[in-house]
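Reader: I am new to this structure and would like to learn how to read its features one at a time. Could you take me through them slowly, giving the general idea before each case?

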Amino acid sequence: MPCLYITTNLNLDGIDTKNPIFSECTTAVSTIIGKPKRMVMVLLTSSVLVTLGGSNEPTAYAEIVSMGGINSEVKKKLIEAIGNILETHLSIPTSRFFLKISDIKKLSANSKM
């Protein structure tokens with residue numbers, strides 16, 4: 001099950017984030033990684049003290065964890081798609097968005113246990 005966890009310094013109180021952000025992120029992750037939509041989890045946390053370069057301008061940090069389906073092409077597509085969604089709906093410039101991507105299937109394959 002892919003899980004996308006987004007953290008931003010924006011205050012999203014009173015903003016309807018459910019429809020566009022959650023549905024578009026779910027569709028993007030599902031399509032790009034190749035997992036069913038019903039298996040994609042999206043979490044969004046706002047009003048977190050996040051700065052970039054000492055600036056409090058809109059910023060987002062996200063992590064995506066998946067069990068398989070991640071390669072360098074998938075990483076590029078995820079960064080572009082999620083960055084565009086956040087820029088479109090939350091006005092967070094793609095230059096102020098970071099995405100950490102982990103494939104836990106690859107981690108377990110490299111384990112010595």
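Author: Let us begin with the words for the parts of a chain: helices and strands are DSSP runs, numbered from the N terminus. With those names in hand, Asn56 can be placed in the loop between β2 and β3, the latter spanning 60-66. Please keep in mind throughout that this is a predicted model.

Reader: How should I read the confidence of the model, and in which elements is the confidence lowest and highest?

Author: The value to look at is pLDDT, the predictor's confidence in each residue, from 0 to 100. For this protein the mean pLDDT is 90, and 91% of the residues reach 70 or more. Confidence is lowest in helix α3 (residues 104-109), with a mean of 63, while strand β1 (residues 3-8) has the highest, at 97.

Reader: Going back to Asn56, is this residue buried or exposed?

Author: The general idea is a pair of cut-offs, since buried means under 20% relative accessible area and exposed means over 50%, with partly exposed in between. Asn56 has a relative accessible area of 62%, and therefore it is exposed. Leaving aside neighbours within four places in sequence, Asn56 is in contact with Asn9, Val50 and Thr51. Asn56 and Leu10 are 46 residues apart in sequence, and their C-alpha atoms lie 9.2 Å apart in space.

Reader: Which residues does Leu90 contact beyond its neighbours within four places in sequence, and is Leu90 buried or exposed?

Author: Leu90 lies in helix α2, and it is buried because its relative accessible area is 9%. Its contacts, with neighbours within four places in sequence left aside, are Leu10, Leu12, Ile21 and Ile85. For one of these, Ile21, there is also a C-alpha to C-alpha distance to compare with the sequence: the two residues are 69 apart in sequence and 8.8 Å apart in space.

Reader: What is the separation of Thr31 and Gly14 along the chain and between their C-alpha atoms?

Author: Thr31 and Gly14 are 17 residues apart along the chain, and their C-alpha atoms are separated by 29 Å. Thr31 has its place in helix α1 (residues 18-33), and at 60% relative accessibility it counts as exposed.

Reader: How many disulfides does the structure hold, and why is there no bond at Cys3?

Author: A disulfide is a covalent bond between the sulfur atoms of two cysteines. The structure holds zero disulfides. The closest cysteine sulfur to that of Cys3 belongs to Cys25 and is 12 Å away, which is too far for a bond, and the cut-off that settles the matter is a pair of cysteine sulfur atoms within 2.5 Å. Cys25, for its part, is buried because its relative accessibility is 0%.

Reader: Which residues make the nonpolar surface patch?

Author: Such a patch is read as a set of nonpolar side chains joined on the surface, and here Met1, Tyr5, Met39, Met41 and Leu43 make one of about 420 Å². One of them, Met41, is found in strand β2 (residues 41-45), and it is partly exposed because its relative accessible area is 35%.

Reader: Which of Ser102 and Lys105 is buried, and which is exposed?

Author: Here the cut-offs do the work once more, and the places of the two residues come first: Ser102 is found in strand β4 (residues 97-103), and Lys105 in helix α3. Ser102 counts as buried because its relative accessibility is 19%, whereas Lys105, at 53%, counts as exposed. Leaving aside neighbours within four places in sequence, Ser102 is in contact with Ile64, Val65 and Ser66, and Lys105 with Ser66, Met67 and Gly68. The C-alpha atoms of Lys105 and Gly68 are 5.3 Å apart in space, with their positions 37 residues apart in sequence.

Reader: What is the phi of Ser47, and where is Ser47 placed?

Author: Phi is a backbone angle to read together with the residue type, and Ser47 has a positive phi of about 60 degrees although it is not a glycine. Ser47 has its place in the loop between β2 and β3, where it counts as partly exposed because its relative accessibility is 44%. Ser91 also has a positive phi of about 60 degrees without being a glycine. Ser91 is found in the loop between α2 (72-90) and β4, and it is exposed because its relative accessible area is 54%.

Methods
Residues numbered from 1 in each chain as written. Predicted model: local features only at pLDDT ≥ 70, side-chain atom pairs only at ≥ 80, totals over all residues. Heavy atoms only, no water. Helix = DSSP H or I, 4+ residues; strand = E, 2+ residues; numbered from the N terminus. Buried < 20%, exposed > 50% of the residue type's maximum accessible area, 1.4 Å probe, protein only. Contact = heavy atoms within 4.5 Å. Patch = residues over 30% accessible without salt bridge, like charges linked within 9 Å, V, L, I, M, F, W, Y side chains within 5 Å. Areas by Shrake-Rupley, 256 points an atom, 1.4 Å probe, with all protein chains shown as cover. Salt bridge = Lys/Arg side-chain N within 4 Å of Asp/Glu carboxyl O.
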